[in-house]
Amino acid sequence: MGLKKSKMLSLLFRKRRLIQIGSLIFLIVIPLLNLLNLEVVTGNYYSLRIWKIEFVDPLFALQHLLLTLKFNWQLLMGISIPLLIAFLGGKLFCSFICPYNLLAEWLQKILPAKKTNVFKVNAKRYWAVLIGWIILTVIAGFPILYFVSMPGQIGVFLGDLIFLKVMGVESLMILAVLGIDVVFLKRIWCRELCPVGALLQRFHWNYGLKINYNEIDCVCSTDEIDSPCVQRCPVYLNPKSDPLYPACFNCGECVKECYYYGEALKIKFIKDITNFEPNFKQRKEEQTINKEEA
Ligand code: SF4
Ligand code: SF4
């Protein structure tokens, strides 16, 4: 990857919290603008219109298709940008935009817990949960996916609060899921259960943006749980030895932490997520030895 590109990426990941806060404020600003009859931006994270550009949550569009059995071209056009981002970067929506994740990360700061004893994400189980949500919605003939979309529900909650001055029942559901998830279940919602993130991850390209671990550059504790990158991961993954995908949402926190140690973790466009090539210094030493032996 070119130096310019990697600098841009690292700047983007360093500004993640700012973007997350901006995306939450955006959800508050939209209904406020609409109250003033300014409709250049409308909607929420189910479906958002900025001027003439539509962004639609692919899960929302899928649910529409399943429940009506009709193609809606407007919805199909609206999912193209979210799907392109998911194709290149996986669940970047989760780590940069989703307000549920921001609230969960803030709550984790207030109630920090040591990252230990978390069962590993199993890819088959992960996809089975997504299929389960879809089957449940079809059998029920009811928009279950709408109600379990946390980013969408948070938008609806803020809209109700600003337009109608009422707190809908969704606020209780969001609080209950958030509290139980962070305090007792170690972010299992985002790691394994959320259908919004799972559907986006389904489109992640094999050569897309991924976390890459180079064991030879790692200078941290061999006790993996104590490693700073492992302690930093908001969704309790171990970037040193877990198969990170499909659970990892490419937030780059482990990479930022590793920057102060061996820089063994990098985020880049790559297919093979493990790379055991020696680092530059080591390669140099090997070349010198080879030259001396020749
Ligand atoms: S997995 Fe779901 S709740 Fe978690 S960050 Fe992604 S969209 Fe939000
Ligand atoms: S493994 Fe790294 S990039 Fe993935 S979610 Fe954890 S901290 Fe974020």
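# Cavities, ligands and buried residues in a predicted model

Q: How many cavities of 30 Å³ or more does the structure hold, and what makes a space a cavity?
A: The structure holds four cavities of 30 Å³ or more. A cavity is a set of points, on a 1 Å grid over the protein atoms alone, where a 1.4 Å probe fits but cannot get out. Rolling a probe the size of a water molecule over the atoms shows where empty space is left.

Q: What stands behind the numbering and the values?
A: This is a predicted model, in which local features need pLDDT of at least 70, side-chain atom pairs count only at pLDDT 80 or more, and totals for chains, interfaces and linings use all residues. Residues are numbered from 1 along each chain as its sequence is written, chains are lettered from A and ligands numbered from 1 in the order in which they are written, and side-chain values use heavy atoms, with hydrogens and water left out.

Q: How much space lies in the largest cavity, and what is meant by its volume?
A: About 120 Å³. Grid points are joined across faces, edges and corners, and the volume is the space filled by probe spheres set on the points.

Q: What makes a residue part of the lining of the largest cavity?
A: It needs an atom within 4 Å of a grid point. The largest cavity has 16 such residues, and Cys 94, Cys 98, Cys 190, Cys 194 and Gly 197 lie nearest its centre. Elements giving two or more residues to this lining are α6 (92-97), α7 (99-110), α10 (150-163), α12 (188-193) and α13 (195-202). The largest share, three residues, comes from α13.

Q: How do you know which cavity ligand 1 sits in?
A: A molecule sits in a cavity if more than half of its atoms lie within 2 Å of the cavity's grid points. Ligand 1 sits in the largest cavity.

Q: Which residues are around ligand 1, and what makes them count?
A: A residue counts as near if one of its heavy atoms lies within 4 Å of the molecule. Those around ligand 1 are Cys 94, Cys 98, Tyr 100, Asn 101, Pro 151, Trp 189, Cys 190, Cys 194 and Val 196. Two or more of them come from each of α7 and α12.

Q: How do the residues of the shell around ligand 1 divide?
A: Eight are nonpolar, one is polar and none is charged. Ala, Val, Leu, Ile, Met, Phe, Trp, Tyr, Cys and Pro count as nonpolar, Asp, Glu, Lys and Arg as charged, and the others, Gly among them, as polar.

Q: Where does ligand 2 sit, and how is its shell made up by class?
A: Ligand 2 sits in the second largest cavity, where about 90 Å³ of space lies. Its shell has nine nonpolar, two polar and one charged residues. The residues around ligand 2 include Cys 233, Cys 248, Cys 251 and Cys 254.

Q: Why is Lys 210 called buried or exposed?
A: Buried means under 20% relative accessible area, exposed over 50%, partly exposed in between (1.4 Å probe, protein chains only). Lys 210 has 8% relative accessibility, so it counts as buried. Its place is in strand β4 (residues 209-213).

Q: Why is Ser 149 called buried or exposed?
A: At 1% relative accessibility, Ser 149 counts as buried. Ser 149 lies in the loop between α9 (144-147) and α10.

Q: How do you know that β2 and β3 pair?
A: Two strands pair if DSSP finds at least two bridges between them. Strand β2 (residues 47-50) and β3 have four bridges, in the antiparallel sense. Strands (E, at least two residues) and helices (H or I, at least four) are DSSP runs, numbered from the N terminus. Arg 49 stands opposite Glu 54 in β3.

Technical notes. 1 Å grid on protein atoms, 1.4 Å probe; cavity = no way out; pocket = protein on both sides within 12 Å on 5 of 7 lines; lining within 4 Å.
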